[in-house]
Amino acid sequence: MSRAPGLGGPARIVAGIEPYAVVFAASAVTLIIEIVAARILAPHIGVSVYTWTSVIGVILAGISLGNWLGGMLADRAASRSLLGLILLAGAAATLLILPLAQLAPGWVDQVPLLPRIVLLTGALFLAPALVLGMVSPMVIKLTLSDISVTGNVVGRIYAVSTAGAIVGVFLTGFVLIQALGSRETLLALALFTALMAIGTGRLWKVPARLLAGILLLGALGAFTWSQQPFASGCIAESNYYCIKVWEKELEGDDPVRVLALDRLVHSYARPEDPTYLHYSYQRAFALVAESIAEKNPGFSSLFVGGGGYELPRYFDAVHPQSSIEVIEIDPQVTATARDYLGLDGARRVATINEDARMALPRRASDSVDLVIGDAFNDLSVPYHLTTLEFNRQIQRVLSPGGIYAVNIVDAPGPGMFLRSFVHTLQQTFEDVAVMPVTYGLDFQDRMSTLVLASDRAIDRAGLNSYFRSVRLGSEGRVVSDRDLAAWMAEREPVLLSDNHAPVDNFLAPLFLKRS
């Protein structure tokens, strides 16, 4: 893209800026695709360390291959029109993500989970990253007119390319996904890249290539539309989740509304009945609250994680003197609970839409009687809420004798996450109790286990008497100190800290079982 002779004034300035604008935009588009990739994949394979590893690896592989192929092509046939065609191919590859996102999951459905994640990511996102990776070497070739300044030109172009990538990351995470949605963002990227291709490649001067490009994009557009590219099933798409709500008939019971975040069902709620609790672990939480309310009807509760807000609604209905506060990181989840799950009728439930690690330090010490942790599952665990440092924040806000009750999903027999979580709590709290909600601590498959922690002795006998009043499953009792110590001794736990919390690795066997 060397300057044409005779250019002066504004035209010369534009010609000087254009190559940097092109690589800036191409890199921004590539990184926008990378961030959007996780949202596109989430309904099919969840969002975990495996998903992000695959996305980052595939995008980097595409950029690397694109740089290599683009360099070879630039040495043989560099031209403006070829650069325009490369950008046009980038627009087509970006547009093709949308129908492939509808079709590809079915193609790899029988493949084991980890290869499936890599194959699905590659099928959707390798091609656009590769094609857009060809832009920088082509622009460098077209811009260089004097080999004595090669280092200067190459350095500037790669610096601008990196700046474009940075802008793309922030623009996507902070603006585009929430404002447009992931699929609409990809459509906008395809249109933007196509327009950039026409302008950069001066394709109007090559009518045959322009017509071919328009026909290609038109055919891809028609194919994309035929696959219903925006039929994600999300009623809302936030910066965190694809949020889905639907009605479900339960056998021999009234229908419920189901809340799913990405691919995981979080809640079964009846908007008209705040006392309905579907899951055994929720009923166990309710009984822990009952044991506190018996002595202190005006107890204060704090929830870490809102989800479908069933328990906050239950507390609002059953414990009218209590105070209820929920820390839920995603405001769209809260809005969904208000619009679809009956939260609008629970007037005493206060919500803070923020990460708990940021919200808790502002909370007064000794101000909460019951903290309920309901932010963990086996597909996505916010590890920073499992650590010693976070437990110390919880201990600070708990009133004397207050209880921290957490639902942990793990296979307790081999489960290293549950053991390590209990071990970490034991470093902060005077007493830690464990209650398998359904089966015993030797169970080899996924289940919910309540973990209770306090700075005073937990009344195990009293809690067990409450648990016997409600059928919670074949276990439904607090494990004795002797049995807990024996179970903990079977495997050496890990102290979870902000510096070292390998939660995803601990839960990998459960993640793989979902395949």
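**Close-up 1. Tyr-281 and its ring partner in helix 9.** Tyr-281 is buried in this predicted model, with a relative accessible area of 10%. Phe-285 is buried too, at 0% relative accessibility. Their rings make an edge-to-face pair, with the centres 5.8 Å apart and 80° between the planes. Why are Tyr-281 and Phe-285 about one helical turn apart? Because they sit four residues apart in helix 9, which covers residues 280–293.

**Close-up 2. The aromatic cluster around Tyr-281 and Phe-285.** Zoom out a little from that pair, and Tyr-268 and Tyr-279 join Tyr-281 and Phe-285 in one aromatic cluster. For the wider picture, the aromatic pairs in this model come to 13.

**Close-up 3. Phe-376 meets Phe-421, edge-to-face.** Here the ring centres are 6.0 Å apart, with the planes at 80°. What does this pair link? Distant parts of the chain, 45 residues apart: Phe-376 comes from the loop between strand 8 (368–373) and helix 13 (388–397), while Phe-421 belongs to helix 14 (residues 416–426). Both ends are tucked away: Phe-376 is buried with a relative accessible area of 7%, and Phe-421 is buried at 0%.

**Close-up 4. Arg-270 over the face of Tyr-276.** This view swaps a ring partner for an arginine. Arg-270 lies 4.0 Å from the ring centre of Tyr-276.

**Close-up 5. Arg-357 and Asp-498 in a salt bridge.** The N-to-O distance between these two side chains is 2.8 Å. Arg-357 is in helix 12 (residues 356–359) and Asp-498 is in the loop between helix 16 (481–489) and helix 17 (503–506), so the contact ties together parts 141 residues apart in sequence. Is Asp-498 buried or partly exposed? Asp-498 counts as partly exposed, at 34% relative accessibility.

**Close-up 6. Arg-460 with Asp-431 and Asp-481.** Arg-460 forms a salt bridge with Asp-431, their closest N and O atoms being 2.8 Å apart. That one links distant parts of the chain, from strand 10 (residues 431–436) to helix 15 (residues 460–468), 29 residues apart. Both residues count as buried: Asp-431 at 13% relative accessibility and Arg-460 at 14%. Arg-460 also forms a salt bridge with Asp-481, this time with 3.1 Å between the closest N and O atoms. Asp-481 lies in helix 16 and Arg-460 in helix 15, so this pair ties together parts 21 residues apart in sequence.

**Close-up 7. A salt-bridge network of Glu-18, Arg-80 and Arg-202.** Shared partners join these three residues into one network. Across the whole structure, the search turns up twelve salt bridges.

Terms used
Residues numbered from 1 in each chain as written. Predicted model: local features only at pLDDT ≥ 70, side-chain atom pairs only at ≥ 80, totals over all residues. Heavy atoms only, no water. Phe/Tyr/Trp six-rings, centres within 6.5 Å; stacked < 30°, edge-to-face > 60°. Helix = DSSP H or I, 4+ residues; strand = E, 2+ residues; numbered from the N terminus. Buried < 20%, exposed > 50% of the residue type's maximum accessible area, 1.4 Å probe, protein only. Lys NZ or Arg CZ within 6 Å of the ring centre and 35° of its normal. Salt bridge = Lys/Arg side-chain N within 4 Å of Asp/Glu carboxyl O.
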